[in-house]
Amino acid sequence: MSSPTDSGTRAGTLDDLRRVIRRIEHARPLRVAPELPETVLGGQLVETDAGPLLTVRREFPLDHRHGDVSLDRAFAISTEALGALARDEAAPDVRGLLFLDTETTGLSGGTGTYAFLVGAGFLEGDRFVIVQHFMRDLDEEPALLAALAPLLARASAIVTFNGSSFDVPLLETRFVLGRRRWPATLRHLDLVHPSRRVWATRFADCRLSTLEQEVLGHRRDHDVPGSMIPSLYFDFLRRRRAGPLAGVFRHNCDDLLSLTALLGWLAHALSHGERGIDDAFDLVGVARLWERSDPERAVVCYRAALAVGLPAPAAHAVRLRLASWEKRWFHWDAARTLWEEAASAASFDPRPWEELAKYHEHRARNAATARALVVRALDLARAAGSTGPVLEAFSYRLTRLDRRLTNVGGSERPSSPTPPTANPAS
């Protein structure tokens with residue numbers, strides 16, 4: 001039987017413990033469990049044959065405008081225009097295109113790099129659908145690959161931006177490491193290559209973000225820089241806070257919309273050409289795209305660009321390009337006119353002078369006129385401070401023409417009108 005003293009001691013000890021517990025509770029409030037990623041990011045868990053996976057689905061009407069371009073233009077592309085972009089005679093079915101963009105744990109690639117978020121855009125009925133597959137942890141990669149497999153299997157081709165050097169090789173690597181077969185015959189349209197042909201000489205770079213602003217007219221608000229995305233994902237793996245990842249999902253979605261709108265811009269430009277483009281530089285870029293598959297359309301666009309108006313250096317380059325096609329088609333009068341216009345430019349360029357000399361010597365059979373052109377070209381070349389090879393080439397041609405004229409004893413036809421002039425001070 002305990003004494004009153006013992007009872008009082010125990011009561012005091014319990015009071016002391018209660019005070020300590022209250023101090024701890026006030027000093028370190030209880031942690032609230034973080035919200036589930038599917039709740040924060042607006043997705044749902046989808047069962048695959050390799051386990052659950054978080055998937056976010058967004059739908060857009062085809063008349064949705066991303067910047068100045070509506071999405072339906074991408075799916076109205078003609079077979080010829082798609083072939084010009086794909087550099088392939090048999091263009092893929094446009095309704096089966098699969099637009100892909102990845103967010104990864106690093107930018108260097110290799111077997112240690114994971115694609116933790118893969119966005120895919122495709123046509124479904126009269127809607128453009130974007131699904132984003134997200135790995136809540138690295139061990140969910142098999143589920144992500146399982147979700148991608150059926151999308152790839154039914155695609156007529158995949159469309160990326162710079163995907164041939166990063167996204168596609170990375171996904172192929174992850175498929176191989178995951179013991180899944182990558183569809184080797186799946187065709188690939190990488191829009192970075194036609195974009196460079198159209199805009200490389202116009203903009204400082206041809207990144208998607210640059211084309212998004214300069215061509216599509218789209219401005220992103222509070223975008224997450226691509227360089228920050230890997231660190232945001234690693235922070236999520238440590239802290240399980242999905243809130244900061246919402247910006248990564250928006251970034252990925254914007255990339256897919258820009259990719260689709262860019263295809264739409266190119267589709268419209270290729271299909272309408274000189275009738276649908278009023279910018280001379282855009283016409284030149286579209287002409288470059290057509291050169292490989294339809295040179296006649298390219299020439300029409302080049303001539304339209306000259307008609308709209310180009311700065312002197314750009315117009316000079318276009319005239320020379322046009323002249324090369326006219327020469328290839330044996331349209332000698334058209335080629336000669338273009339060379340004469342190019343030779344009269346303020347800055348000396350030896351190429352039109354050389355072509356004119358060859359034309360008069362070999363086509364017009366007028367060595368005297370050819371000689372007059374070469375003499376004039378030599379004077380302009382020396383005034384412009386041209387290098388040795390240019391002077392040597394014209395000097396060699398002049399010597400040969402002099403020898404020819406001496407041998408024929410004046411039997412050549414009279415000289416044609418005065419050769420084109422250029423600014424001697426240039």
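Over the ring of which residue does the charged end of Arg174 sit? In this predicted model, the ring is that of Tyr114, and the charged end of Arg174 lies 4.2 Å from its centre. A second arrangement of this kind involves Arg297, whose charged end sits over the ring of Trp290 at 4.5 Å from the ring centre.

The protein chain comprises 426 residues, of which 45% count as buried. Its secondary structure consists of 16 helices and 9 strands. Among contacts in the chain with a separation of 6 or more, 66% are made by residues 24 or more positions apart. The chain exposes about 21,800 Å², and carbon and sulfur atoms supply 52% of this area.

Aromatic residues were examined next. The structure holds 15 aromatic pairs. One of them joins Phe116 and Phe134, whose ring centres are 6.3 Å apart and whose planes meet at 85°, so the pair is edge-to-face. This pair links distant parts of the chain, since Phe116 belongs to strand β6 (residues 115–124) and Phe134 to strand β7 (residues 127–134), with their positions 18 residues apart in sequence. Both Phe116 and Phe134 are buried. The rings of Tyr233 and Phe236 also have their centres 6.3 Å apart, but their planes are at 25°, so this pair is stacked. Angles under 30 degrees count as stacked and those over 60 as edge-to-face, which separates the two geometries. Tyr233 and Phe236 are 3 residues apart in helix α8 (residues 229–239) and are therefore separated by about one helical turn. In general, an α-helix has 3.6 residues a turn, so residues three or four places apart point the same way. Tyr233 has a relative accessibility of 0% and therefore counts as buried; Phe236, at 1%, likewise counts as buried. The residues of these two pairs come together in one aromatic cluster, formed by Phe116, Phe134, Tyr233, Phe234, Phe236 and Phe249.

Thr105 contacts several members of this group. The residue is found in the loop between β5 (97–104) and β6, and its relative accessible area of 12% places it among buried residues, because the limit for that class is under 20%. With neighbours within four places in sequence left aside, Thr105 is in contact with Gly112, Thr113, Tyr114, Phe116, Pro230, Tyr233 and Phe234. Tyr114, one of these contacts, is also the residue whose ring lies beneath the charged end of Arg174.

Helix α11 (residues 295–308) was considered in terms of its length and its surroundings. At 1.5 Å a residue, its 14 residues should span 20 Å, and the end C-alpha atoms are 20 Å apart, which agrees with that expectation. Within α11, the residues Ala298, Val299, Cys301, Tyr302, Ala304 and Ala305 are buried. The cover over these buried residues includes α10 (280–291) and α12 (312–328). Just after α11, Gly309 takes a positive phi of about 120°.

Positive phi values also occur at residues other than glycine. Most residues other than glycine have a negative phi. Arg240 departs from this pattern, with a phi near 60°. Arg240 is found in the loop between α8 and α9 (246–272), and its relative accessibility of 30% makes it partly exposed. Phe330 likewise has a positive phi, of about 65°, although it is not a glycine. This residue is found in the loop between α12 and α13 (332–343). At 61% relative accessibility, Phe330 counts as exposed, because the limit for that class is over 50%.

The cysteines and one further helical residue complete the description. The structure holds 0 disulfides. Cys253 counts as buried at 7% relative accessibility, and Cys301, a residue of α11, counts as buried at 2%. Leu380 is found in helix α15 (residues 367–383) and, at 1% relative accessibility, counts as buried. Leu380 and Asp349 are 31 residues apart in sequence, with their C-alpha atoms 9.1 Å apart in space.

Key:
Residues are numbered from 1 along each chain as its sequence is written. This is a predicted model: local features need pLDDT of at least 70, side-chain atom pairs count only at pLDDT 80 or more; totals for chains, interfaces and linings use all residues. Side-chain values use heavy atoms; hydrogens and water are left out. Helices (H or I, at least four residues) and strands (E, at least two) are DSSP runs, numbered from the N terminus. Buried means under 20% relative accessible area, exposed over 50%, partly exposed in between (1.4 Å probe, protein chains only). Contact means heavy atoms within 4.5 Å. Accessible areas come from the Shrake-Rupley method with a 1.4 Å probe; for residues, only the protein chains shown count as cover. The expected span of a helix is 1.5 Å times one less than its number of residues. Rings of Phe, Tyr and Trp (its six-membered ring) pair if their centres lie within 6.5 Å; planes under 30 degrees apart count as stacked, over 60 as edge-to-face and the rest as tilted. A charge sits over a ring if NZ of Lys or CZ of Arg is within 6 Å of the ring centre and within 35 degrees of the ring normal. A disulfide is a pair of cysteine sulfur atoms within 2.5 Å.
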